[in-house]
Amino acid sequence: VEDRIFYVRMDGDNARDGRSWENARRTLDSALLDAGLEGGEVWVKAGQYTNRFRADVFTYVYGGFNGTETNRADRNWAVNPTVLDGNISTTPGTLILGPAVISTFGLDGYGAISGFIIQNGAGRQGGGIFAHGSPRISDNIIRSNIVSNVTGFVASGAGIFSQGGEPLILNNLLLANSAPSTGGQNGRGGAIYLDSPAGALPRLYNNTVLNNVATNGGSAIYLNTNAAAVLANNLIAFNFSGIAAASAAQSGQIELRHNSVFGNVTNELVNVTLGASNILTNPRLVSPAQGNFRLRADSPCLDAADASVPFSPFDIYGQPRVAHGGLDIGAAEFNGPLVADFDIQLTQPVQGSAFFAPATFPVAAEVTGGTQTPAFVEFSANGTVVATATTAPYSSFASGLLFDTYQIVATAVSANGSVKAS
């Protein structure tokens with residue numbers, strides 16, 4: 001049976017058949033229309049494609065190509081960013097509500113969306129992805145999507161709105177998606193909203209879910225009535241709220257294991273129960289405020305995931321999985337050396353310094369040698385971070401320390417997460 005593969009590149013031509021990179025289509029929607037007739041794969045070369053897209057049943061959509069590949073396994077979504085942008089408004093600062101950036105109809109698992117950056121959706125039911133059935137949604141960055149009220153639709157699931165099946169949601173970064181509506185079923189599931197029928201079992205593995213908002217519950221993940229699920233190896237942190245289910249009766253149907261859940265502002269867990277294998281301490285990301293969502297070498301998420309569940313061979317940064325002997329929690333696998341190769345010395349305060357409480361005093365460190373460059377240096381007092389410096393010379397001020405004896409330590413962190421302490 002001949003593989004049905006359709007190719008898309010920004011400098012393509014819709015008058016061509018789309019059956020090779022040389023004869024690629026120019027627009028994704030044109031290739032999706034052909035693939036939907038009898039099913040097939042759609043390979044999309046790196047670039048930005050602005051529209052709202054629909055992938056019908058038996059259609060598998062893949063990004064991350066450089067336009068020369070003959071094997072799907074050779075793509076690299078980190079090196080070849082392929083952006084699906086839902087901002088179809090021609091007026092700056094305005095949004096046009098409509099379908100999600102991409103809708104997929106993966107009945108019985110026959111469908112996939114993989115290897116994309118999906119952003120700027122303004123949906124009425126799902127902002128980034130609307131998924132009906134049981135598609136595979138993997139290896140994507142889903143960011144800055146929103147859902148808002150439209151009569152007849154559920155304004156929830158700003159990142160992913162899933163209904164009618166049991167999707168596999170795997171190795172995605174869901175970032176800064178927002179479901180701000182209120183009333184009824186609206187405003188739920190800032191990152192992910194699951195509305196599965198009784199008996200279905202959605203699976204969420206190795207996703208990183210950060211800084212999402214939902215005003216009516218479950219900013220990270222919301223499970224509607226009757227929905228069951230298995231959540232394993234996910235990093236869920238710093239959202240407006242955490243994981244929520246519609247009713248307490250669902251608690252026994254929702255399995256959570258080997259997840260990192262931390263720092264979600266309100267209602268971290270509603271009608272769900274964490275088992276002993278889950279981690280509730282700071283996941284220690286390199287620098288999320290600056291867009292670096294890698295794990296640090298001192299993260300509790302290293303080698304802490306359950307490797308018995310399916311996982312992608314590469315993480316969201318295109319780096320190999322299981323780099324240090326065990327699978328890591330979240331969408332980013334730590335791949336660097338555990339210890340940075342530079343040296344660091346605390347230069348201020350000097351040993352034996354004394355200050356009046358509540359104390360404010362200078363802190364400084366010197367970094368020398370090595371091939372790596374620190375992304376920042378953090379200063380801690382008895383294990384609590386009290387100051388950070390991002391450029392050399394690495395200096396700042398610590399303040400508010402109460403009467404006590406403190407050990408001050410300077411820790412330099414590289415961009416790939418390697419650390420070195422004074």
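## Salt bridges and overall build of the predicted model

A total of 13 salt bridges turns up in the protein chain, and the model they come from is a predicted one. As background, side chains of opposite charge can pair when their charged atoms come close. One of these pairs is Arg257 with Asp306, where the closest N and O atoms sit 2.9 Å apart. This pair links distant parts of the chain: Arg257 belongs to strand β27 (residues 254–257), while Asp306 is in the loop between β31 (292–295) and β32, 49 residues apart. Arg257 and Asp306 are both buried.

Arg284 and Glu378 make another salt bridge, at 3.2 Å from N to O. Arg284 comes from the loop between β29 and β30 and Glu378 from strand β34 (residues 374–381), so this pair ties together parts that are 94 residues apart in sequence. The two ends differ in burial: Arg284 counts as partly exposed because its relative accessibility is 26%, whereas Glu378, with a relative accessible area of 9%, is buried. Glu333 and Arg321 also meet through their side chains, in a salt bridge of 2.6 Å from N to O. Glu333 and Arg321 are twelve residues apart, and each is in the loop between β31 and β32. Glu333 counts as buried because its relative accessibility is 5%, and Arg321 is buried too, with a relative accessible area of 7%. Beyond single pairs, shared partners join Arg284, Arg296, Asp298 and Glu378 into one salt-bridge network.

Stepping back to the whole chain, the secondary structure consists of one helix and 38 strands. The radius of gyration is 23 Å, close to the 22 Å that the globule rule gives for 422 residues, so the chain is as compact as a globular protein of that length. Along the principal axes, the C-alpha atoms fill a box of roughly 75 × 50 × 45 Å. Of the 422 residues, 53% are buried. Among contacts with a separation of 6 or more, 66% are between residues 24 or more positions apart. The accessible surface comes to about 17,300 Å², and carbon and sulfur atoms hold 52% of that.

Helix α1 covers residues 28–38, and its buried residues are Leu28, Ser30, Ala31, Leu32 and Ala35. Those buried residues pack against strands β1 (5–8), β2 (40–45), β4 (53–55), β5 (59–65) and β6 (82–85). Just after the helix comes Gly39, with a positive phi of about 90°. On the other side of α1, Arg9 is in the loop between β1 and α1. With a relative accessible area of 17%, Arg9 is buried. A polar atom of the Arg9 side chain lies 3.5 Å from the backbone oxygen of Trp21. Setting aside residues up to four places away in sequence, Arg9 touches several others, including Trp21, Lys45, Tyr49 and Gly67.

Ala179 is part of the short run β18 (residues 178–179). Its relative accessible area is 0%, so Ala179 is buried. Beyond its neighbours within four places in sequence, Ala179 contacts residues that include Val147, Ala155, Arg188 and Val213. Val213 shows up again at the surface, where it forms a nonpolar patch of about 250 Å² with Phe240 and Val265. Val265 sits in the loop between β28 (260–262) and β29 (266–270), and is exposed, with a relative accessible area of 61%.

Some backbone geometry is also worth a look. Most residues other than glycine have a negative phi, and most peptide bonds are trans. Against that background, Asn233 has a positive phi near 70°. Asn233 is in the loop between β24 (229–232) and β25 (235–237), and it is buried at a relative accessible area of 0%. Arg284, already met in the salt-bridge network, likewise has a positive phi, about 55°, although it is not a glycine. Cis peptide bonds join Gln348 to Pro349, with omega about -5°, and Ala357 to Pro358, with omega about -5°. Pro349 is in the loop between β32 (343–348) and β33 (359–368), and Pro358 is also in the loop between β32 and β33.

Conventions
Residues are numbered from 1 along each chain as its sequence is written. This is a predicted model: local features need pLDDT of at least 70, side-chain atom pairs count only at pLDDT 80 or more; totals for chains, interfaces and linings use all residues. Side-chain values use heavy atoms; hydrogens and water are left out. Patches are made of residues with over 30% relative accessible area and no salt bridge: like charges are joined within 9 Å, nonpolar side chains (Val, Leu, Ile, Met, Phe, Trp, Tyr) within 5 Å. Accessible areas come from the Shrake-Rupley method with a 1.4 Å probe; for residues, only the protein chains shown count as cover. A salt bridge is a side-chain nitrogen of Lys or Arg within 4 Å of a carboxyl oxygen of Asp or Glu. Helices (H or I, at least four residues) and strands (E, at least two) are DSSP runs, numbered from the N terminus. Buried means under 20% relative accessible area, exposed over 50%, partly exposed in between (1.4 Å probe, protein chains only). The radius of gyration is taken over C-alpha atoms; the globule rule is 2.2 Å times the number of residues to the power 0.38. Contact means heavy atoms within 4.5 Å. A polar contact is a pair of N or O atoms within 3.5 Å; within protein, one must be able to donate a hydrogen and the other to accept it, and residues adjacent in sequence count only if both atoms are side-chain atoms.
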